[in-house]
Amino acid sequence: MPRLRVGLIGAGTIANSAHLPAIAHLHDQLELIAVADVRPEAAEQAARRYGAASWYSDYRQLLARPDIDMVDICTPEFLHGEQVVAAAEAGKHVLCEKPMANSLADADAMIAAAKRNKVKFMVGHSRRFTARYRAIQQAIGEGAIGEVRLVRENERRAASMYNVMRRWAGYWRPVDERPWILLAEFTYGAALTNAVHETDLARWFVGAEAASVYSASQITAPEGEVPDFISYTISFQNGAIGAAEVVNNLPPRYPYFHMMEVFGTEGMIRATDPPMSPLEHWTGEGMRFPENFNTLLHVDDAYVREIEQFAQAVRDDTPVPLDPWNARQALAIALAAVESSKTGQVVSLPREGGAA
Amino acid sequence: MSAPEQLQPLEPGMERIAIVGRGDFADEVARAVQALAELTLAGRVDPGAPLPDGAGLVLCLAEPEERVAVIQQATGAGLPVATLPLTETGDAPRGALGAGRVAQVSALRGYAALETLRAEVAGGALGRPYGVFASHRVRPGQQGLFASLGVPLLHYVYALAGAPVSLAQTTRAAIHGGEPDAWFVIAQTSGGPLLTVEFGAILPAESPAPQELLVEATGSEGVLRGEPLRQSVVVSNQKGTSARPWWSALGPGFLGAALGAIQAHDPAREQGFLDFLGAVYRAVEAGQPAAVA
């Protein structure tokens with residue numbers, strides 16, 4: 001079986017912590033050809049570490065190579081629209097990290113470009129490929145809890161987790177040495193960067209489209225310009241509810257924590273990190289948790305599964321395992337949460353004119 | 001507070017306590033009063049009955065619809081009142097709160113874990129507060145959910161926040177039938193934490209535990225998590241798994257909290273809770289968040 005030739009764009013945190021290791025794991029199926037990043041040193045470092053012969057500071061040079069079959073886009077969401085469309089126009093199959101984009105117009109343009117150029121396109125909502133959540137969906141599909149009426153999630157991350165990841169992989173720091181993920185010019189904050197996981201899972205499990213969203217948020221990081229704490233409620237068209245609280249800036253040593261509960265008419269499913277983390281250290285100084293993203297049970301091999309299944313769809317010319325419309329709808333909910341937290345009002349979906 | 005030795009010194013006269021209310025909880029609190037040498041149970045009466053002679057403080061443990069009348073009766077007699085939180089927000093309850101020295105206290109403060117959490121937060125354990133998440137769930141079939149689950153939890157969270165609530169949104173859902181049995185309240189405070197409160201009869205009828213209660217407070221320096229009802233014996237056999245709670249009576253802890261609350265009486269905060277409650281009600285009716293008056 002010939003290997004698919006891969007170009008990766010955006011050698012930052014998610015690429016180094018998840019995508020590049022997964023591609024390396026799939027070396028019998030994938031060959032990393034080149035890496036691009038606006039930071040030449042980041043592109044070179046990733047290329048050397050994961051065995052690519054080429055690196056670029058301009059992603060368009062990577063797209064111009066005829067020997068690349070698919071690209072894996074791991075840049076910040078505000079770049080996804082431009083880069084996915086460019087990749088599709090260059091005839092490359094495209095796997096793009098979530099969130100899909102920072103606007104529905106970009107999301108629609110991405111889907112249209114992929115169709116127009118007859119390339120495969122998928123947004124990497126990794127939790128769709130995570131064993132924990134797949135098991136939940138399977139149980140729902142088997143009717144284990146009847147009709148889903150409520151999806152309740154709390155996700156908590158310590159600031160130190162991000163600090164470790166920054167040291168390890170490095171964020172793009174475009175302004176005053178501050179990472180893009182804190183800056184309003186480049187992101188809307190937690191509603192998109194991680195709460196889009198929650199909006200996607202809630203929509204997946206409920207099996208209906210959202211009717212309205214209410215959200216409130218806070219900026220807790222001293223250097224932050226965008227909310228890193230969000231609490232929201234989604235009302236779905238079938239009357240079910242999705243509710244979540246996402247907090248990103250907790251004190252050091254607080255364990256990554258995700259509580260997922262699904263309530264149905266005939267039962268409930270609970271999947272949480274028991275008791276708080278899959279790995280605990282007990283010492284004479286008390287209990288502590290590792291600051292290591294890779295110890296999280298529910299991440300496991302999700303990225304390997306995600307990339308492998310996408311590559312399989314490319315190779316076999318079959319539909320991708322996650323239609324990008326799902327990512328687009330999860331984005332619509334997340335953008336409605338952004339709007340709601342700004343206006344203090346409930347935001348109805350779909351927007352007038354069919355935008356969502 | 002659960003240990004008698006932690007009782008704060010009382011103002012003269014307040015050691016003679018009258019309890020107004022029926023049922024198990026009133027029994028527990030009455031026993032707690034009698035167990036402390038520095039307190040005297042002046043009497044225990046049903047709502048509507050004359051107050052016991054010699055009382056210096058009234059503990060109102062009456063049903064929600066009876067509380068305003070009990071407060072009016074006690075303040076009319078010049079007595080301070082510590083009461084379970086009011087559930088209505090009209091002129092009568094506001095007038096009752098303003099007629100004398102009246103402090104509302106959630107029964108949830110009887111749980112040692114939650115009272116400890118409250119004390120830690122008050123002592124600055126969170127650093128800069130970020131949020132409070134609170135959840136109280138029971139099995140299907142319980143009636144009067146807002147008064148029985150919602151108001152105590154909202155009051156506990158309101159007291160924990162320690163900041164004025166500015167905006168509240170309420171979303172309801174029907175999990176097990178046609179009528180709403182789940183409530184979700186998101187409330188913003190002025191300079192304080194973001195509040196997320198959930199309550200409802202949403203547990204499956206066959207859930208191992210009859211109820212679940214969780215409070216988590218997050219901040220720049222700490223995260224505090226209280227789950228008082230996890231104190232249970234879990235039995236697994238051929239019939240499945242059940243959790244048999246063994247948590248101790250709430251009376252002693254509640255008594256300590258009530259005495260502390262009446263001594264720290266803040267009239268503006270008492271009215272502020274009714275303002276918060278009013279916004280929660282209005283948000284249900286309007287389908288949009290309501291500003292707190």
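This tour visits the interface of chain B and chain A, and then four backbone sites in chain A.

The model is predicted: local features need pLDDT of at least 70, side-chain atom pairs count only at pLDDT 80 or more, and totals for chains, interfaces and linings use all residues. Residues are numbered from 1 along each chain as its sequence is written.

**The interface**

Select the residues in contact (heavy atoms within 4.5 Å): 38 come from chain B and 39 from chain A. The area buried between the two chains (accessible area lost on being put together, 1.4 Å probe, summed over both) is about 3,000 Å², and carbon and sulfur atoms give 59% of it. Next, pick B:Y130, B:I175 and B:I186, which supply 19% of the area that chain B buries against chain A, more than any other three residues.

Display B:E212 and A:R270, whose closest N and O atoms are 2.6 Å apart in a salt bridge (side-chain nitrogen of Lys or Arg within 4 Å of a carboxyl oxygen of Asp or Glu). The interface holds 4 salt bridges by this rule.

**Backbone sites in chain A**

Move to the peptide bond from A:K98 to A:P99, which is cis with omega near -10 degrees. Another cis peptide bond joins A:L349 and A:P350, with omega about -5 degrees.

Then select A:K118, a residue other than glycine with a positive phi near 55 degrees. A:K118 is exposed (over 50% relative accessible area, 1.4 Å probe, protein chains only), at 73%. Finish at A:D317, where phi is also positive, near 55 degrees; A:D317 is exposed at 60% relative accessibility.

Methods. Chains are lettered from A and ligands numbered from 1 in the order in which they are written. Side-chain values use heavy atoms; hydrogens and water are left out. Buried means under 20% relative accessible area, exposed over 50%, partly exposed in between (1.4 Å probe, protein chains only).
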